Amino acid sequence: MFSNEVLRAIRSVVGGGSKALHEPSFNECEHKYLVECLNSGYVSTVGKFVDDFELALASFTGSRNVIAVVNGTSALHLALYSLGVTFGDEVIIPTVTFAATANAVVHCGAAPIFLDCAVDDLNLDLTTLEKWLERNTKTLNSQLINIHSNKIIKAIVPMHTLGHICDMDRLATIANKFNLVIIEDAAEALGSFYKGKHAGTIGRIGILSFNGNKIITTGGGGAILTDDDQLATKIRHLSTTARVKHQWDVSHDMVGFNYRMPNINAALGCAQLTKIRDFVRAKRELQDRYVSAFEGIEGVKVFSEPVGCRSNYWLIALVLDEDKSMYKDLILQETNSSGIATRPLWRPMHQLKHFEQFQKTEMHGAEKMINHIINIPSSPCLI
Ligand SMILES: *Cc1c(COP(=O)(O)O)cnc(C)c1O
């Protein structure tokens, strides 16, 4: 039977099983840095590991500025907030994303506009985007106005789904034409490159996540990337309760956030980051093994990186053909029952009850792809 064939093919790659889709890998390096951090006494908002982690990330990604924060959601929130996204504004985001992207927009008091996804890369459908903007917006005093709500559309947040980077050249052309600022949700894409540029360094701001299931982890953590020095200074200030630097006085000059990454998390991050190239190599190798394992099976393919993107393959995915999509739930059931973690794609944002009131495009791509995608075990330790 088809579902058995799929189960056998996954097993031929992962062996006995894999309890999680993406497990972190630790060795002596993490132990050493964590002990060093504990011994220093600095486990909280100041300490050398935070600076080291930011420098190492800047060097790996090529971003001029990196600000480490408590998680990817807070990174998104600060990125939007620092660009002035506020009550009454609107922000375009993909419907196929993790809830954090939409939550951060709402945390700013703004309204998301949900955009359909393209079936070939699961990212923003740029054809739909351009058409939607042409039909539903006008420009007034170089601001993009939604002609239905009369609200300002302040930004667009492409999300690089499963580590595969959106066609940023084409998106940039559209964004320029319509005066849209790009904030990249690169939470899943550390180690992915688009035409030689690291994910998150192409838009005005990019964000990363180091949650436990991401390609590297700091326990919980995130980072904001930007080449704009002034913006970076502002974001850093906002992330540390907007506290004014002074030897002993405690004062603040605006409403700030307590979003700075603690030193103990950064210690873990410093250790993890030394291995990022190995993790990406292992995951690309794992992808290749899955591709070989599924070569002879009709009706299913392993999802592969789009043209122009060298992906980190954060989560590896199967794509079922139309006539096999009725097997999706059975495959999920059988794999999970036999100790192999598999998951469907997230439920798209426009289908969630609490986001129901927000605007959206037609959703042909998203509604189709949620029935065709199955994420399979993707941990680097499987290699
Ligand atoms: C993981 C993730 C985030 C951030 O999540 P945190 O758990 O807050 O670090 C944001 N967006 C996407 C698409 C993600 O996958």
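When I say that two helices meet, I mean that heavy atoms of one lie within 4.5 Å of heavy atoms of the other. Please keep in mind as well that what we are looking at is a predicted model.

With that meaning of contact, let me begin with helices H6 and H7. On the H6 side, the residues that meet H7 are Leu-126, Thr-127, Leu-129, Glu-130, Leu-133 and Glu-134, and on the H7 side they are Arg-170, Leu-171, Ile-174 and Lys-177. If we sort these contact residues by class, we find five nonpolar, one polar and four charged. How are the two helices placed relative to each other? Helix H6, which covers residues 126–136, and helix H7, which covers residues 168–177, pack at an angle of about 5°, and their axes are 11 Å apart. H6 and H7 are therefore roughly parallel to each other, since angles under 35 degrees are counted that way.

Let me turn now to the second pair, helix H4, residues 72–82, and helix H8, residues 229–239, which pack at an angle of about 125° with their axes 10 Å apart. That angle makes H4 oblique to H8, and the crossing of these two helices is right-handed. Here Leu-78, Tyr-81 and Ser-82 of H4 meet Leu-231, Lys-234, Ile-235, Leu-238 and Ser-239 of H8, and by class this contact has five nonpolar residues, two polar ones and one charged one.

The third pair is helix H3, residues 48–61, with helix H9, residues 263–273, whose axes come within 8 Å and cross at roughly 35°. The crossing of H3 and H9 is left-handed. From H3 the contact draws on Lys-48, Phe-49, Val-50, Asp-52, Phe-53, Ala-56 and Leu-57, while H9 contributes Asn-263, Ala-266, Ala-267, Gly-269, Cys-270 and Leu-273. Sorted by class, the contact of H3 with H9 holds nine nonpolar, two polar and two charged residues.

Finally, I would like to move from the helices to the ligand. Which residues come nearest to the ligand? Out of the 15 residues around it, these are Gly-72, Thr-73, Glu-188, Ser-209 and Lys-214. For Glu-188, an N or O atom of the side chain is 2.6 Å from an oxygen atom of the ligand, and for Lys-214, a polar side-chain atom lies 3.2 Å from a ligand oxygen atom. Asp-185 also has a polar side-chain atom to point out, which lies 2.9 Å from a nitrogen atom of the ligand.

Methods. Residues are numbered from 1 along each chain as its sequence is written. This is a predicted model: local features need pLDDT of at least 70, side-chain atom pairs count only at pLDDT 80 or more; totals for chains, interfaces and linings use all residues. Side-chain values use heavy atoms; hydrogens and water are left out. Axes are lines fitted to C-alpha atoms, for helices over the stretch in contact, and angles run from 0 to 180 degrees between N-to-C directions. Helices (H or I, at least four residues) and strands (E, at least two) are DSSP runs, numbered from the N terminus. Angles under 35 degrees count as roughly parallel, over 145 as roughly antiparallel, 65 to 115 as roughly perpendicular and the rest as oblique. A crossing is left-handed if the near helix is turned anticlockwise from the far one by less than a right angle, and right-handed if clockwise. Ala, Val, Leu, Ile, Met, Phe, Trp, Tyr, Cys and Pro count as nonpolar, Asp, Glu, Lys and Arg as charged, and the others, Gly among them, as polar. A residue is near a molecule or strand if one of its heavy atoms lies within 4 Å of it. A polar contact is a pair of N or O atoms within 3.5 Å; within protein, one must be able to donate a hydrogen and the other to accept it, and residues adjacent in sequence count only if both atoms are side-chain atoms.
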